[in-house]
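Here is a short briefing on the sheets of this structure and the helices that pack on them. The model is a predicted one.

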Amino acid sequence: MERQEKIVLLRRTGLLGSLSPAELDALLGSCREIALAPGQALCHEGEEGHAMYVVLAGNLVVAKAGKQVAVGRPGDCFGEMALIERRERSATLRALDDTLVLEIPEAAFREHLSAHSPALMALLKVFSERSRHDLDSLVSVNRKLIAQAEEMDRQNRELTETRRQLEQRNRDLERLSALDTLTQIANRRRFDAVLRQEWRRAVRDESPFSLLFCDIDHFKRFNDTYGHQAGDECLVRVAQAMEETLNRPADIVARYGGEEFIALLVDTDAEGARMLAERMRARIEGLQIENRASSVGPYLTVSLGVATIVPRAAARPEDLVDLADRALYAAKESGRNRVSTADKLPAVAVPRTPGER
């Protein structure tokens, strides 16, 4: 590269453009030129800076923390800040290809530039533009961060809403899995779970525990006479009537299967359970659902079996269910539309713990 070409290039730089050709020629004479091979480093980030550089030919890669941030081309200046502040360099400069660089050491800077007011003004302009650029970059980065934060907030709200909907659906599914699809009262699965839970509590508290087994009288005849749709409507009305008769939130009525229903009464003795069963029977008969096919009467009726026990550790919930079922059978054998209790059954042995009298 000819000397005159170098002077022309230096005059095009913002920092050195105020110097005359003679001053630039003198500057060139007092500075050394550094030829770099591709990949060769000119200086490293963190080193002390005692010189600035001007790219005369080729390209310099500017890297911070190992990441490329810019490329310096002919006429670009580097290292002014480190030279003036005598601080470590903020970036690594490495040749991208065959590169020629003019090194302006601190002594040459003071001799040719620091005493030249236009050059100092140009240097101030460079610093000002860099500060403005850095400020604009900070503003841009801040805006991006705000946008990212808003987007994350929006996604978090969507995720929270999705989680809420999922939890609600899970609760709905859990509730539906515990309900009889036709009557919307508890199903057999739900009843079995509550029975085991309340049985353990009754064993612990030594409190009375009662079951009501209910069967619709001559329901097959009802279906044959009025059709299955009417039969389904009948099951729904019976279920509602039984549920509305219960006194306490802890009590539960469930569809046990077909036209059979079962009710669990916690902390309820035999007489209380019998009276509740009688109210259920009367309430269902009071619905006055026509049943011409019944041999009991003109309206739909039910039979109920009642069993009560104070559970012991050796007894099983199934024993109480069996007692209530046998009492129900007795009610049907006795003419239907009535309540029978397990304590009236012949030769019924209530389960006892070993050695109990």
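Five strands build an open sheet, ordered β10-β11-β9-β12-β13, with mixed pairing. Another open sheet has four strands in the order β2-β7-β4-β5, and its pairing is antiparallel.

**Five-stranded sheet**
- The edges are held by β10 (252-257) and β13 (339-341). Each has a single partner strand, so one side of each lacks a neighbour in the sheet.
- From one strand to the next, the twist averages 20°.
- Strand β12 (residues 302-309) runs parallel to β13, and three bridges join the two.
- Within this pair, Leu304 sits opposite Val339 of β13.

**Helices on the five-stranded sheet**
- Helix α10 (residues 317-333) packs on the sheet and touches β9, β10, β11, β12 and β13. The direction of α10 makes about 145° with that of β12.
- Helix α9 (residues 270-285) lies across β9 (209-216), β11 (260-266), β12 and β13. Relative to β12, α9 runs at about 165°.

**Four-stranded sheet**
- Here β2 (41-43) and β5 (67-72) are the edge strands. Each pairs with a single strand, so one side of each is left without a neighbour in the sheet.
- Neighbouring strands are turned against each other by 30° on average, direction ignored.
- Two bridges link β2 to strand β7 (residues 92-95), and this pair runs antiparallel.
- Ala41 faces Arg94 of β7 as its opposite residue.

Note on methods:
Residues are numbered from 1 along each chain as its sequence is written. This is a predicted model: local features need pLDDT of at least 70, side-chain atom pairs count only at pLDDT 80 or more; totals for chains, interfaces and linings use all residues. Side-chain values use heavy atoms; hydrogens and water are left out. Two strands pair if DSSP finds at least two bridges between them. Axes are lines fitted to C-alpha atoms, for helices over the stretch in contact, and angles run from 0 to 180 degrees between N-to-C directions. Contact means heavy atoms within 4.5 Å.
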